[in-house]
Amino acid sequence: MTTEKQVLDRIERVRRRRAVVREERITLAHGSGGKATRTLIDAVFLEAFRNPLLAPLEDGATLALGGSRAVFTTDAFVVSPLFFPGGDIGDLAVNGTVNDLAVCGARPLYLSAGFILEEGFPVGDLRRIVASMAAAAEAAGVTIVTGDTKVVQRGKADGCYITTAGVGIVERPATPSISAARPGDAVIVSGPIGEHGVAIMLARGELGIEADTVSDTAPLNGLVAELLDALPTQVRTLRDATRGGVATVLNEVASASGVSVVMDEESVPVQPAVTGMCELLGIDPLYVACEGRLVAVVDGEHAERAVDIMRGHPVGAGAAIIGWVGEDPPGLVLLRTAFGGTRIVDLLVGDPLPRIC
């Protein structure tokens with residue numbers, strides 16, 4: 001048996017093990033979107049709530065309502081700082097929920113908004129956040145129809161947290177799925193990656209570095225609608241690359257679909273400022289969060305058309321094919337590096353950038 005085969009067999013054995021949370025207390029890594037998050041979901045939440053609607057772990061649940069289908073999703077936002085270049089917690093909450101509905105193949109319609117406010121939080125800041133949410137909702141074509149507000153004692157929160165839920169209607173027979181990727185499919189990103197995570201990191205002011213990077217937060221429902229209208233059955237999978245970045249999304253695709261994904265490092269679009277910050281901090285841009293970028297897995301024969309459609313939309317102008325789906329080794333994501341080598345891109349371990357959304 002070759003060394004490569006031994007390594008792959010060992011990885012497969014580890015992945016087949018039942019998920020167990022070994023920590024006695026929650027850590028920041030449990031919110032990273034990487035390995036610790038997946039273990040927490042499998043070992044705690046799925047163990048308690050397992051049902052056919054939850055088990056696929058899509059970005060939302062597709063529900064049968066009479067003769068129609070709807071997608072329901074929920075999210076929470078604890079970003080720090082609340083205001084950052086390119087956006088704030090308000091438009092982030094709206095865009096994040098809209099995008100989760102859109103990548104499930106739904107047309108977003110209605111949102112809820114719950115606020116947890118800390119005693120002493122400035123009313124002026126709250127007005128600014130709410131105004132941002134209203135503007136983002138109008139831009140995305142959704143309506144905030146219900147909500148809730150709670151206030152906790154000074155020092156018991158961090159200013160403002162927001163929880164959201166969203167409902168959208170499914171209008172097409174076929175919907176994208178995390179488990180639908182097939183060998184020969186192309187992997188496409190809708191634009192440069194990592195901008196949101198780097199913008200948040202710089203906004204915290206802890207590094208004493210200035211750059212022009214702004215968050216990519218944006219609604220993706222318009223882009224998704226154009227893509228699905230043109231290629232209704234050729235788009236296999238859609239995911240917005242938030243916590244854990246593009247690498248986490250592709251690991252989820254590879255695992256759920258039983259395929260391999262091979263990326264070309266030189267094809268992955270990354271802005272120079274993002275590359276520089278990641279090199280400075282020793283972080284891989286593939287793991288850095290986006291809030292206005294999606295990953296699409298598309299029938300390889302229609303990949304160029306999909307890229308052209310994306311580039312014709314303002315939020316997809318930087319779209320690029322970054323890799324291809326193969327058969328072996330199933331469940332793994334590989335990266336062909338600029339130096340000609342190949343390495344495994346695993347799920348994120350730890351949390352180098354906590355509270356980025």
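Helices here are DSSP runs of H or I with at least four residues, and they are numbered from the N terminus. The exercises below use that numbering on a model that is predicted.

**Exercise 1. The second largest pocket**

Find which helix gives the largest share of the lining of the second largest pocket, and describe that lining.

*Solution.* Begin with the space itself, for which the computed volume is about 370 Å³. Next, turn to the residues around the space: 15 residues line the second largest pocket, and E265, T275, E279, D284 and P285 are those that lie nearest its centre. Then ask where the lining comes from: helix α8, which covers residues 272-281, supplies the largest share, with 3 residues. Finally, sort the lining by residue class, which gives 9 nonpolar, 1 polar and 5 charged residues.

**Exercise 2. Helix α8 and its partner α5**

Work out at what angle helix α5 and α8 pack, and which residues meet in the contact.

*Solution.* Two packed helices are described by the angle between their axes and by the distance between those axes. For helix α5 (residues 195-203) and α8, the angle is about 65 degrees and the axes are 10 Å apart. The crossing in which α5 passes α8 is left-handed. On the side of α5, the residues in the contact are E195, V198, M201 and L202, and on the side of α8 they are V274, M277, C278 and L281. Sorted by class, the residues of this contact are 7 nonpolar and 1 charged, with no polar residue.

**Exercise 3. A second helix pair**

Describe how helix α6 and helix α9 pack, and state whether their crossing is left-handed or right-handed.

*Solution.* Start with the geometry: helix α6 (residues 221-230) and helix α9 (residues 303-311) pack at an angle of about 145 degrees, and their axes lie 9 Å apart. The handedness follows as the next step, and the crossing of α6 and α9 is right-handed. The contact is built from L223, E226, L227 and A230 of α6 together with R305, A306, I309 and M310 of α9. Of the residues in this contact, 6 are nonpolar and 2 are charged, while no polar residue takes part.

**Exercise 4. Placing three residues**

Decide for P269, C357 and A211 whether each is buried or partly exposed, and say where each lies in the chain.

*Solution.* The step of reasoning needs one cut-off, namely that a residue is buried when its relative accessible area is under 20%, exposed when it is over 50%, and partly exposed in between.

- P269 lies in the loop between β10 (260-264) and α8. Its relative accessible area is 16%, so P269 is buried. Leaving aside neighbours within four places in sequence, P269 is in contact with V189, G191, P192, I193, G318, A320 and I322.
- C357 is placed in the segment after β14 (342-344). The relative accessible area of C357 is 13%, so this residue too counts as buried. Not counting residues up to four places away in sequence, C357 touches F77, V78, V79, L92, R243 and E291.
- A211 is found in the loop between α5 and α6. With a relative accessibility of 36%, A211 counts as partly exposed. The C-alpha atoms of A211 and L57 are separated by 36 Å, and these residues are 154 residues apart along the chain.

**Exercise 5. Backbone features**

Identify which residues a cis peptide bond joins, and which residues other than glycine have a positive phi.

*Solution.* As background, most residues other than glycine have a negative phi, and most peptide bonds are trans. For the peptide bonds, a cis bond joins S80 and P81, with omega about 5 degrees, and P81 lies in the loop between β2 (68-77) and β3 (83-84). A cis peptide bond also joins D328 and P329, where omega is about -10 degrees, and P329 lies in the loop between β12 (320-326) and β13 (333-336).

For phi, L57 has a positive value of about 55 degrees although it is not a glycine. L57 lies in the loop between α2 (35-49) and β1 (61-65), and with a relative accessible area of 22% L57 is partly exposed. R355, also a residue other than glycine, has a positive phi near 55 degrees. R355 has its place in the segment after β14, and R355 is partly exposed, with a relative accessible area of 28%.

Key:
Residues numbered from 1 in each chain as written. Predicted model: local features only at pLDDT ≥ 70, side-chain atom pairs only at ≥ 80, totals over all residues. Heavy atoms only, no water. 1 Å grid on protein atoms, 1.4 Å probe; cavity = no way out; pocket = protein on both sides within 12 Å on 5 of 7 lines; lining within 4 Å. Points joined across faces, edges and corners; volume = space filled by probe spheres on them. Helix = DSSP H or I, 4+ residues; strand = E, 2+ residues; numbered from the N terminus. Nonpolar A, V, L, I, M, F, W, Y, C, P; charged D, E, K, R; others polar. Axes fitted to C-alpha atoms, helices over the stretch in contact; angles between N-to-C directions. Left-handed = near helix turned anticlockwise from the far one by under 90°. Contact = heavy atoms within 4.5 Å. Buried < 20%, exposed > 50% of the residue type's maximum accessible area, 1.4 Å probe, protein only.
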